[in-house]
Amino acid sequence: MKPTDIANPDYFHKVVDCQWACPAHTPVPEYIRLIAHGRYSDAYMINWKSNVFPGILGRTCDRPCEPACRRSRVEDENLVKGKKEPVAICRLKRVAADYKDDDDINTKMPKAAAKNGKRVACIGGGPASLTVARDLAVIGYEIVIYDQDPKLGGFIRTQIPHFRLPESVIDEEVGYIIGIGNIEFRHQRVDSMKAVLAEGYDAVFVGSGAPRGRDLDVPGRKEAAANIHIGLDWLSSVSFGHITKVGRRVIVLGGGNTAMDCCRTARRLGGEDVKVIVRSGFEEMKASPWEKEDAMGEDIPILNMLVPKEVTHKNGKITGVTFEKVKAEYDAKGRRTLVPSGEPDQHHECDDVLVAIGQENAFPWIEKDSGIEFDKWGLPKLNEKTFGSSHPKVFFGGDAAFGPKNIIWAAAHGHDAAISIHKMLIGENPEQRPAPGVNVASQKMGIHEWSYDNAPTIDHRFKVPHRAKKEALKDIMAEVELGFDPALAVKEAQRCLNCDVQTVFTGKLCIECDACVDICPMDCITFTDNGEEKELRTRLVAPAMNPTQDLYIGNDLKTGRVMVKDEDVCLHCGLCAERCPTGAWDMRKYYMEMTQAEHACRKQ
Amino acid sequence: MTYIAKPRLHHPSLVKNKAGYTRRDYEGAVSTLCAGCGHDSISAAIIQASYELDVLPHQIAKLSGIGCSSKAPTYFLGASHGFNTVHGRMPSVMTGANLANKNLVYMGVSGDGDSASIGLGQFAHIMRRGINMTYIVMNNGVYGLTKGQFSATADKGSISKKGVANSDEPIDLVSLAILMGATFVGRSFSGDKHQLVPLIKAAMAHKGAAFLDVISPCVAFNNHPGSTKSYDYVREHNEALNRIDFIESREEITASYDPGTLTTVRQHDGSLLRLRKLGEDYDPSDKVAAMKRVQEGMQEGEVVTGLLYVDPSPKDLHHHLNTVDAALNTLGDAELCPGPEALDRINASLR
């Protein structure tokens with residue numbers, strides 16, 4: 001194998017699994033350390049810069065970072081009773097938002113630069129548009145955001161129940177963006193793209209989401225329409241207070257996070273017998289595991305492998321839904337089909353049905369001749385790098401771009417689209433993306449002292465305290481999760497392995513004494529003859545069985561061998577560097593920040 | 001020294017041996033020796049060997065004298081018996097322990113000062129008595145604890161860190177051990193675990209006096225140009241005669257091998273020691289030839305390593321003394337004080 005090129009920013013970025021997995025590439029270990037130090041405002045600002053909505057995401061993020069977390073690969077099964085768990089990254093983010101010093105934050109927030117004379121319209125007031133607005137307002141653009149709802153936030157405000165995300169948090173974080181200045185909000189539904197373009201904006205960003213809930217198409221649907229609701233619309237009506245109660249017996253169809261929000265909301269509006277019924281198996285459900293857990297914790301059973309067949313009704317009033325029991329069959333390619341299991345149909349009685357079986361994009365307001373092309377699935381044809389559409393001035397992001405994802409993706413898209421818009425408007429090529437900002441610094445303080453807490457703890461993941469169920473179900477506004485308090489937050493933060501403090505190897509200094517090999521608790525380091533990667537992985541001190549994780553190859557050794565480090569399970573404890581007599585190993589903090597529009601034209 | 005303890009977390013592939021322990025269970029406290037010390041590598045090799053041999057940790061006794069090397073037993077086999085004895089007097093204590101309980105696996109850990117200077121007399125006698133043990137000298141050629149004076153094993157002409165050449169002849173512990181009657185003698189290098197770990201395993205399995213001289217560079221005081229015990233020097237001059245590939249018991253002779261690449265030594269208990277030849281033909285069971293080869297190596301400035309001498313049918317102290325089968329410490333009052341009739345019989349036999 002070739003020696004590892006550690007000058008390539010991607011190499012060490014990839015080692016920071018959480019940051020690499022995060023669509024916005026938030027520097028996770030850095031803010032977790034700041035939380036452990038009680039520097040909540042600084043932790044908040046790192047988040048704010050990167051993902052724009054720390055308080056919101058700290059409660060609602062889909063957390064792609066957590067399945068990636070190295071902790072869940074290195075915990076000792078015997079110490080954690082068989083359940084290896086990642087660091088509670090998402091809920092630690094909330095700690096930063098909960099305990100920050102608001103006055104301090106207000107002084108840290110950027111202000112709009114002097115107007116540069118360019119105007120950008122953002123259509124839809126959700127996270128993608130708000131991110132574009134923030135990134136561009138700070139460098140002098142004038143932003144106009146259009147939304148049909150009276151307040152900004154988009155799906156964050158209308159779809160997420162307040163018992164999961166209090167409205168005050170949304171107001172606060174939307175407020176930070178508007179507070180920058182040069183951002184105008186127009187409470188106005190956009191019905192024509194041409195009309196928007198005609199207003200002479202220099203660029204238009206479409207962040208209008210995927211607003212259409214998929215409907216149910218079975219016999220009886222029309223007859224019982226009064227008691228069948230599209231989940232998305234129903235949630236937003238609840239959010240705005242238009243709907244305040246629901247029948248005693250409720251069936252929620254669907255297995256995604258919207259279904260989980262629907263069933264838990266129903267429990268708070270008078271639903272006593274609420275169940276979720278899904279077509280797929282329990283494991284394949286789209287909802288996040290923790291959301292399923294929370295739903296089941298509120299006495300909501302999840303019945304699976306049931307396909308709705310007919311809505312039964314009497315005198316124009318719903319009586320229940322009949323389901324066909326199915327089973328999964330897999331073809332040679334591993335594709336799944338659901339086939340009737342042959343068991344008798346099941347009938348479940350109910351007073352209301354909430355349909356949460358998917359959502360779709362809809363752009364009825366974009367005229368066919370407006371210069372924006374769509375593909376056969378109804379999604380805009382986009383440049384995946386720049387988010388630019390076939391119309392030179394129009395960019396897309398968030399769910400509107402590639403279909404329904406979640407908030408953190410919307411923020412990431414927003415950053416990227418803002419860079420493209422800025423580059424286009426200053427006459428640069430948006431295809432050329434700015435490199436990330438990287439700062440690498442040794443953490444050595446003394447012979448055996450490091451500027452980070454390098455001793456890994458063996459604590460199991462700490463649970464976030466919840467409000468008592470009886471109390472929580474009584475009040476739809478009462479937030480269920482109470483968040484970590486500072487003491488718990490410190491303990492949970494200590495579980496972080498500081499993967500951004502990298503093991504950097506300098507072969508020229510190495511005397512091949514094996515001290516690092518001997519001390520490494522994870523047996524990650526091997527000195528051996530070079531070879532092809534596949535073969536090399538098998539003959540290390542401990543086999544490197546995870547091909548998604550790189551081998552770090554160091555050369556320049558006197559014996560002609562190579563140093564091979566399996567990044568997969570490294571604890572970043574620094575013992576290799578501590579036992580190294582020559583400083584061939586050093587622990588260097590690798591701080592990587594994605595470049596945003598503000599610096600997008602800096603030299604590469 | 002290192003401030004944090006070695007984390008308890010471990011590689012997911014770590015498995016338990018037949019005794020029910022992982023390799024990590026054979027570790028000790030975190031080392032307080034200088035970073036990069038060869039002794040730590042030897043400790044790691046001892047841990048690996050003990051793990052691979054499936055030894056129960058509480059059935060090992062590790063004894064040492066005084067010095068950097070003799071501190072090392074704290075850093076391995078944390079669940080075994082240990083005795084940090086008097087300077088140069090570890091052999092006496094080990095002889096006593098072995099007499100009292102022959103059922104433990106004995107491991108003596110010493111250094112060039114402890115064994116070749118103050119303890120040279122004891123060293124010679126424990127070898128000739130044939131204690132069933134593994135005696136490891138972590139040999140760095142200097143007194144590290146007193147800042148790098150030459151020890152008795154430093155080669156003549158070797159340059160100290162201060163720049164002074166050694167004018168005394170070195171004591172070669174390997175030659176001395178063979179001469180004094182050790183029945184398993186090897187030399188190795190802390191920087192070559194592929195050779196060292198199997199040697200330690202074979203030594204621990206050997207039922208007699210086994211001695212290993214392990215060159216272990218002192219990073220603080222003897223790892224500079226001009227030293228003959230530095231990492232670079234030993235790597236350049238290492239003349240490895242063989243490497244133990246595996247030890248097979250009688251029952252499971254399975255591996256096939258190309259003729260001429262292995263030397264096989266059939267031991268008294270029926271097990272086979274397979275030695276992979278690394279250069280010349282070398283028969284480690286020929287004592288006179290072994291002494292000759294070791295001396296030749298010294299003349300040539302080679303560091304001759306590998307299994308240098310093995311007596312396939314070793315006899316140990318208990319055999320010489322014709323002791324009872326049971327370990328002496330397990331005998332009860334009845335056996336130890338058989339009463340006046342037995343005494344009368346003995347007295348009568350002497351009249």
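**Helices 3 and 4 of chain A**

Hi everyone, let's start just past the end of helix 4 of chain A, where V52(A) adopts a positive phi of about 70°. Please keep in mind that this is a predicted model.

Now for helix 4 itself. This helix of chain A covers residues 40-51, and with 12 residues at 1.5 Å a residue it should span 16 Å. Its end C-alpha atoms are 16 Å apart, so the expectation and the model agree.

How is helix 4 of chain A placed relative to the rest of the structure, enclosed or not? Since 10 of its 12 residues are buried, helix 4 is largely enclosed by the rest of the structure. Among those buried residues are Y40(A), Y44(A), M45(A), I46(A) and W48(A), and the list also includes N47(A), K49(A) and N51(A).

What do they pack against? In chain A, the buried residues of helix 4 meet helix 3 (28-36), helix 5 (54-60), helix 8 (89-99), helix 9 (102-108) and helix 18 (407-425).

Let's follow one of those partners, helix 3 of chain A. The axis of helix 3 comes within 8 Å of the axis of helix 20 of chain A, residues 486-494, and the two cross at roughly 140°. That angle is why helix 3 of chain A counts as oblique to helix 20 of chain A. The crossing is left-handed.

And who touches whom? On the helix 3 side of chain A we have I32(A), I35(A) and A36(A), and they meet A489(A), V490(A), A493(A) and Q494(A) from helix 20 of chain A. Sorted by class, this contact has 6 nonpolar residues, 1 polar residue and no charged ones.

Thanks for listening!

Definitions and conventions
Residues numbered from 1 in each chain as written. Chains lettered and ligands numbered in written order. Predicted model: local features only at pLDDT ≥ 70, side-chain atom pairs only at ≥ 80, totals over all residues. Helix = DSSP H or I, 4+ residues; strand = E, 2+ residues; numbered from the N terminus. Expected span 1.5 Å × (residues − 1). Buried ≥ 20, exposed ≤ 12 C-beta atoms within 10 Å, placed from the backbone. Contact = placed C-beta atoms within 7 Å. Axes fitted to C-alpha atoms, helices over the stretch in contact; angles between N-to-C directions. Parallel < 35°, antiparallel > 145°, perpendicular 65-115°, else oblique. Left-handed = near helix turned anticlockwise from the far one by under 90°. Nonpolar A, V, L, I, M, F, W, Y, C, P; charged D, E, K, R; others polar.
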